[in-house]
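Reader: I'm new to reading protein structures, and I'd like to go through this one slowly with you. Could we put it up on the screen and start with the sheet?

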Amino acid sequence: MKTVAIAELKSHLSALLKDVERGMEIGITNGKKKETVAVLVPIEEYRKSKSRKLGSLKGKMTVKFSKDFKMSDKEFLGL
């Protein structure tokens, strides 16, 4: 991932956006420590990260209840 300071981003925005369109990720840094505060990513990658897939935890975890587990309907509903 390429990183640029905010000043560089302001002066080269068009060129940097073309890089993003080609699939590159661009980190935006701020301050003396030049910490990355944001990332420009292609819109397709952003949309993929926002979509929630059903069953994404399938096979990664299990839930087991003990034989003496009991809960009334009121307890379940929080009444």
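Author: Let us begin with a term: two strands are said to pair if DSSP finds at least two bridges between them. Please also keep in mind that what we are looking at is a predicted model.

Reader: Okay, so in which sense do strand 2 and strand 3 pair, and over how many bridges?

Author: Strand 2, which covers residues 26-30, runs antiparallel to its partner strand 3, and the pairing extends over five bridges. Within this pairing, Thr-29 is found opposite Thr-36 of strand 3, and Gly-27 has Val-39 of strand 3 as its bridge partner.

Reader: What do strand 2 and strand 3 form together, and how many residues are between them?

Author: The two strands make a hairpin, with four residues between them, and Gly-31 in that turn has a positive phi of about 80°.

Reader: And what about strand 1, how does that one pair with strand 2?

Author: Strand 1 and strand 2 are paired in the parallel sense, over four bridges, and here Thr-3 stands opposite Gly-27 of strand 2.

Reader: So what does the whole sheet look like, and in which order do the strands come?

Author: The sheet is open and consists of three strands in the order 1-2-3, and its pairing is mixed. Strand 1 (2-5) and strand 3 (35-40) are at the edges, where each has a single partner strand, and therefore one side of each has no neighbour in the sheet. If direction is ignored, neighbouring strands of this sheet are turned by 35° against each other on average.

Reader: Is strand 2 largely enclosed or left open by the rest of the structure, and why?

Author: Strand 2 is largely enclosed by the rest of the structure, because four of its five residues are buried.

Reader: Let me switch topic to charges. How many salt bridges are there?

Author: The count comes to two salt bridges. In one of them, the side chains of Asp-19 and Lys-2 meet at 3.9 Å, N to O. Asp-19 belongs to helix 2 (residues 13-21) and Lys-2 to strand 1, so this pair ties together parts that are 17 residues apart in sequence.

Reader: Which residues meet in the other one?

Author: There, the side chains of Arg-22 and Asp-19 come together, at 2.8 Å from N to O. Lys-2, Asp-19 and Arg-22 are thus linked in a network of salt bridges.

Reader: Are those three buried or exposed?

Author: They vary: Asp-19 counts as buried, at 15% relative accessibility, while Lys-2 is partly exposed at 34% and Arg-22 is exposed at 64%.

Reader: One more topic, the aromatic rings. Which residues form an aromatic pair?

Author: The count comes to one aromatic pair, formed by Phe-65 and Phe-69, and this pair is tilted, with 5.1 Å centre to centre and 40° between the planes.

Reader: Where does Phe-69 lie?

Author: Phe-69 is in the loop between helix 3 (43-50) and helix 4 (73-77). Its relative accessible area is 45%, so Phe-69 counts as partly exposed, whereas Phe-65 counts as exposed at 61%.

Reader: Which nonpolar surface patch do they help to make?

Author: Phe-65 and Phe-69 are among the residues that make a nonpolar surface patch of about 1,100 Å², and the others include Leu-57, Met-61, Val-63 and Met-71. Phe-76, Leu-77 and Leu-79 also contribute to this patch.

Notes:
Residues are numbered from 1 along each chain as its sequence is written. This is a predicted model: local features need pLDDT of at least 70, side-chain atom pairs count only at pLDDT 80 or more; totals for chains, interfaces and linings use all residues. Side-chain values use heavy atoms; hydrogens and water are left out. Axes are lines fitted to C-alpha atoms, for helices over the stretch in contact, and angles run from 0 to 180 degrees between N-to-C directions. Rings of Phe, Tyr and Trp (its six-membered ring) pair if their centres lie within 6.5 Å; planes under 30 degrees apart count as stacked, over 60 as edge-to-face and the rest as tilted. Buried means under 20% relative accessible area, exposed over 50%, partly exposed in between (1.4 Å probe, protein chains only). Patches are made of residues with over 30% relative accessible area and no salt bridge: like charges are joined within 9 Å, nonpolar side chains (Val, Leu, Ile, Met, Phe, Trp, Tyr) within 5 Å. Accessible areas come from the Shrake-Rupley method with a 1.4 Å probe; for residues, only the protein chains shown count as cover. A salt bridge is a side-chain nitrogen of Lys or Arg within 4 Å of a carboxyl oxygen of Asp or Glu.
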